[in-house]
Amino acid sequence: MNEMTKEKKQSLSWLIVALLCGAVLYFFPGFPGMSVEGQKSLAIFVFALILWIGKPIPIYLTSIGVVLLLPMVGAVESQKVAFGTLGYDIIWLMVAAMVLSSAISETNLGKRIALSLVTRFGSTPRRTLAVLIAVNFILAFFVPSTTARASLLVPIVLVLLEVYKAIPGESQFGRLACLQGVQTNAFATSMVMTATSAQVIAIGFIKEFTGQEIGYMTWLLSSLPQAILAAVLMFFIGLRVYSFKEELTTDQSNQEVQSILTGQLRDLGPLSSAEKRAAGIFLLTLFLWATGDYQEQFLGFEISTEQTAVLAMFLCLMPKIGVLTWKQAKIKWDLMVFSAGAYAAGNALNDSGGATWLIEHLVAALKLNQLSPSLVAILLIFVTVFSHLIFTSKTVRTTILIPAIISLAQNLGMDPVQLALACSFGIAATICLPPHSKVNTLYFSTGYFSVLDELKFGLIGCTVVSLCICLVYFFWLPIIL
């Protein structure tokens, strides 16, 4: 009873804090330079963010409230803007990814792949986590799309966790595996120039304002050290923060666990017809994602990441061709509603100019023109990485920050190319909250970590990647460029 009372008090506290913060921002006489719509959007965003973190009510209920409030208070032009987020391509991508995940699980194909990887390379849980990091980095070259990579790896991660009997929401190992997936995806993305349109836009700004062109290999060689270093450091930090020794240590040794896993793989027998069909759909999906940049050239049209995912879903559910029925597809509709509200709140803040106002005042408050060039560089790298806490869009952050950083560097007599390039590496680090990227949302849908889990581990990850980029800026870029 005492525990129940304590939990109710904590929930009530979160709710009161959310209401107070939202009310203060909403009814404040006005922020100079911020539109009324921007102020209203900011109030609702902060209100929702606190509720998503504290979870005094289910997160999908918070999102429903956001979708209702935005048009009611005039934070968006019409209810179509808020209500329409449920039809976003990311929602379709998430549904399709869940169907594909269900297909891989139902046919045992995912279990076979996972067991093969674990028994071959992951003789211990720690090595399993290391294998997942390596796979993410390798896939970044062949499947640049962040969402495509997550859609491929999430089903495999889920089966691995099932093998280790990790319970969603309770397992430290499961929590770390999924949070590591979020962060490794971001680190690998920063390594490949074409992995996100924001990085391509950054290169365009650098060329337009400095006249210097940054090629694919130049970006790769420049960014590779910080990406690998950040991934390695967060791997070891994760092992300390989310220790799972007691959870996975039983009377059996690791060798005995490996023996059990090998036996499970052997018990699966030869590939079944359903597994072969699932594998065919999986490989077709991988091929279409990997060749996305070349389809226009050879086919005359391009199949987008989302279209490919929906095609995979269609094939999985197709009678005689597919491998499961609609009832067998494990689709989490509460997550769909949560995501719709999260994107509605983020878009309202961006479109109303509220996010722009916050960024501009943050830069002005830091008084960057009064600091030493080295300190300016460090601060700008940190601001670029952590700015995703305000801006959910990588493209918008790039459009606002990179030209300003180039201009500031030129005024201070700093090398604008090196500074802008280093800051561009931090654009991909959207790792603190589920709404910050499609990848976050996909991993969050597994149920292995909470919003607060991702926020805490994400803040550590952002600090680490910022420091790694600083090292690259001071000691590596002067050599490469």
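Colleague: Is Lys55 buried, partly exposed or exposed?
Modeller: This is a predicted model, and Lys55 has a relative accessible area of 45% in it. Buried would need a value under 20% and exposed one over 50%. Because 45% falls in between, Lys55 is partly exposed.

Colleague: Where does Lys55 sit, and what is its phi?
Modeller: Lys55 is found in the loop between helix 2 (36-54) and helix 3. Lys55 is not a glycine, although its phi is positive. The value is about 50°.

Colleague: Which loop holds Lys320, and how exposed is Lys320?
Modeller: Lys320 belongs to the loop between helix 16 (305-317) and helix 17 (333-351). Its phi is near 75°, again positive in a residue other than glycine. Exposed means over 50%, so Lys320 counts as exposed, with a relative accessible area of 83%.

Colleague: Is Val73 buried or exposed?
Modeller: Val73 is placed in the loop between helix 3 (59-72) and helix 4 (79-83). Its relative accessible area is 19%. The limit for buried is under 20%, so Val73 is buried.

Colleague: How far apart are the C-alpha atoms of Val73 and Gly215?
Modeller: Along the chain, Val73 and Gly215 are 142 residues apart. In space, their C-alpha atoms are separated by 47 Å.

Colleague: What separates the centres of domain 1 and domain 2?
Modeller: The chain is divided into domain 1 (1-87) and domain 2 (91-328). Taken over C-alpha atoms, the distance between their centres is 33 Å.

Colleague: Which helix gives the largest share of the largest nonpolar core?
Modeller: The largest nonpolar core has 141 residues, and Leu70, Leu419 and Tyr443 have the most contacts inside it. The largest share of this core is 12 residues, from helix 23. Domain 1 (1-87) and domain 2 (91-328) each supply at least three residues to this core. The helix asked for is helix 23.

Colleague: How many aromatic pairs are there, and what kind is the pair of Tyr242 and Phe457?
Modeller: Searching the whole structure gives 10 aromatic pairs. In one of them, the ring centres of Tyr242 and Phe457 are 5.4 Å apart and the planes are at 65°. Planes over 60 degrees apart count as edge-to-face, so this pair is edge-to-face.

Colleague: Which parts of the chain does the pair of Tyr242 and Phe457 link?
Modeller: Both Tyr242 and Phe457 are buried. The two residues are 215 residues apart, so to speak of distant parts of the chain is fair. Tyr242 is in the loop between helix 11 (216-241) and helix 12 (245-248), and Phe457 is in helix 23 (residues 451-480).

Colleague: What kind of pair do Phe382 and Phe386 make?
Modeller: Phe382 and Phe386 are 4 residues apart in helix 19 (residues 373-386), so about one helical turn separates them. Phe382 is partly exposed, at 23% relative accessibility. The ring centres lie 6.2 Å apart with the planes at 5°, and planes under 30 degrees apart count as stacked, so the pair is stacked.

Colleague: How many residues line the largest pocket, and how do they divide?
Modeller: The largest pocket has a volume of about 950 Å³. Its lining has 42 residues, with Thr146, Thr147, Thr196, Lys394 and Lys438 nearest the centre. Helix 9 (residues 172-191) gives the most, with 4 residues. The lining divides into 17 nonpolar, 19 polar and 6 charged.

Note on methods. Residues numbered from 1 in each chain as written. Predicted model: local features only at pLDDT ≥ 70, side-chain atom pairs only at ≥ 80, totals over all residues. Heavy atoms only, no water. 1 Å grid on protein atoms, 1.4 Å probe; cavity = no way out; pocket = protein on both sides within 12 Å on 5 of 7 lines; lining within 4 Å. Points joined across faces, edges and corners; volume = space filled by probe spheres on them. Nonpolar A, V, L, I, M, F, W, Y, C, P; charged D, E, K, R; others polar. Phe/Tyr/Trp six-rings, centres within 6.5 Å; stacked < 30°, edge-to-face > 60°. Buried < 20%, exposed > 50% of the residue type's maximum accessible area, 1.4 Å probe, protein only. Core = buried A, V, L, I, M, F, W, Y, C linked by side-chain atoms within 4.5 Å. Domains from an automatic or database assignment.
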